[in-house]
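Please look at the chain shown below and follow this short report alongside it, one region at a time.

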Amino acid sequence: MSGQEPGRAEEPLLAVVPNFSEGRREDVMDAICAALEVPGAHLVYRQADPEHNRLDTTVIGGPDAVRRSALRGAAKAIELIDMDEQRGSHPRMGAADVIPFVPLRGITMDECVALARDFARELAETLSIPVYCYDRAAFTEERRSLAEVRKGEYEGLKADVARGERLPDFGPHEIGKAGATAVGARKPLIAFNMYLSGEDEQAAKGIARAVRESSDGLPALRAIGFAVPERRCVTVSMNLVDHEVTGLRAAFDAVRAEAERRGMQVLESEIVGLVPQAAIADDDIVYLRLEGFDADAQILERLVSAEGGASGIRAQTVEGFLEALASDSPTPGGGAVAAVAGATGAALVAMVCRLTIDKKGYEDAWGRCRAILPEAEDARGAFVELADRDATAFDEVMAAFKLPKETDDEKAARSAAVQRGYETAAAVPLEIAQRAVALMRFAREMTEIGNVHAASDGASAAQMLSAATRCAILNVEINAASLKDESKAAALRTEVDALRERAAELLDAADGAFAARVH
């Protein structure tokens, strides 16, 4: 990575690739994808397949962020998808069907396995659904295969579990309308579909059986065949689980040969989701008869390069941020300082949670800490983003002042732009103050019930969040004073007065909790 300091470890980066059992209802898919977006994790790919009735997504980020993303996406899918009503040509067992974690850099496969298993437990406990661990995260050899875990699909699994068979690794021993979820850890997988002429589904199944590893075909290749009535053809749908063992051309050649033996022709192929750069060459696009392939959107390394590098305040060292702050530039300024203070407060809350969870003597607090931890992590990422947004908002004000003002129309447009800029410049620190106050109650709670040796950290979190609130309020007030719309300015002043009062109450409570723990 460009600019990496010698000897400095890279920040862990991984992908989570949730597959959901919905590929037709746009509103449902949009809601799921919106839920996947959390601070520190970015939805970089989505593809809906109405024929399969399936939504494939990919999220890239750090371990904690992609974990939060996957949990939120699964929760939304379970809320909106009823497996008793769901139908599609792709095998499925649950609303949030499959959630694999894929190491990209700075994280080992063993670490990814540990993350997947811990997430599987959290998913089952939080959403009360059965969860199975598969692939590298499997606890037993027979569950390494996703096909084996998903055998019989939703209906078959539901019947088996009702008989006390094929019980999940985590969660309830019954299958409800949300179905079950498979959570795994694996190497980058290539989902490759080939569409063949004709409507003979049995022929497609025979081709898949001939080429897949489980039938003594190509190693590291999984395949199923089925009809696609909507397109009046059949497909062989493959997963290349290790492209270094069996690559795209080898899979394509094998399927084509088996198809020609049966009098069938390859119509086209597609890569569903992402593909490693090393797995595909430029001339493969024509050779494989790929349709709809977008290298910029589907080659994994290009997305890692785009998403993996931080920018703005997130990318700066502490000294770099302080240098920028001390310069004669108006940004970053007090609003960014408020946001950074909020981020440090959130980080301290998260630290106290982690120093309490699974520690002997604090069993009664474990559940509460597990609930607060993701809230603190979400807030930490949000504060950093708000720091950059604050700088951008004020830059927009400055840009508005530079607009031309020669004519009456230009003057009116300039004045309107300036006012819009001030409104945004007030809205961002207002959100900082709102978030800081909301998190202060968790700081007080962690001071009160968390590890006693970290009580000062909980109380310090409250102090930092209080400072964030006060600094943010000052920035709201100075921008509100420039608004010509007095009703908007008055509404802002009323809200910040309430926030200031609430922050003072919560700070007193945190101070009291600290005093009670140390005296």
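## A histidine in a loop

In this predicted model, His-90 has a relative accessible area of 15%, and because buried means under 20%, His-90 counts as buried. The place of His-90 is in the loop between helix H2, residues 63-80, and strand S5, residues 96-105.

Which residues does His-90 touch, if residues up to four places away in sequence are not counted? The contacts of His-90 are then with His-52, Arg-54, Arg-150 and Glu-153.

## A sheet of four strands

Strands of a sheet pair through backbone hydrogen bonds, and this pairing can be either parallel or antiparallel. Here, four strands come together in an open sheet, with the order S9-S10-S8-S11 and with antiparallel pairing. Strand S9, residues 221-228, and strand S11, residues 266-272, are the edge strands, since each of them pairs on one side only. From one strand to the next, the twist averages 20°.

Within this sheet, S9 and strand S10, which covers residues 233-240, are joined in the antiparallel sense over eight bridges. For a student tracing this pair, a helpful place to look is Gly-225, which stands opposite Val-236 in S10.

## Helices packed on the sheet

Helix H6, made of residues 201-211, packs on the sheet and touches strand S8 (190-196) as well as S9 and S10, and the direction of H6 makes about 175° with that of S9. Helix H7, made of residues 248-261, also packs on the sheet, where H7 touches S8, S9, S10 and S11, and the direction of H7 makes about 25° with that of S8.

## Cysteines without a disulfide

A disulfide is a covalent bond between the sulfur atoms of two cysteines. How many disulfides does the structure hold? The number is zero. In the case of Cys-133, the closest cysteine sulfur is in Cys-112 and lies 12 Å from the sulfur of Cys-133, which is too far for a bond, because a disulfide needs the two sulfur atoms to be within 2.5 Å.

Is Cys-133 buried or exposed? Cys-133 counts as buried because its relative accessibility is 0%, and Cys-233, at 3% relative accessibility, counts as buried as well.

## A helix and the residue after it

Helix H12 runs over residues 334-356, which makes 23 residues, and reaches 33 Å from its first C-alpha to its last, close to the 33 Å expected at 1.5 Å a residue. Just after H12, Asp-358 takes a positive phi of about 65°.

Definitions and conventions
Residues numbered from 1 in each chain as written. Predicted model: local features only at pLDDT ≥ 70, side-chain atom pairs only at ≥ 80, totals over all residues. Heavy atoms only, no water. Pairing = 2+ DSSP bridges. Helix = DSSP H or I, 4+ residues; strand = E, 2+ residues; numbered from the N terminus. Axes fitted to C-alpha atoms, helices over the stretch in contact; angles between N-to-C directions. Contact = heavy atoms within 4.5 Å. Buried < 20%, exposed > 50% of the residue type's maximum accessible area, 1.4 Å probe, protein only. Expected span 1.5 Å × (residues − 1).
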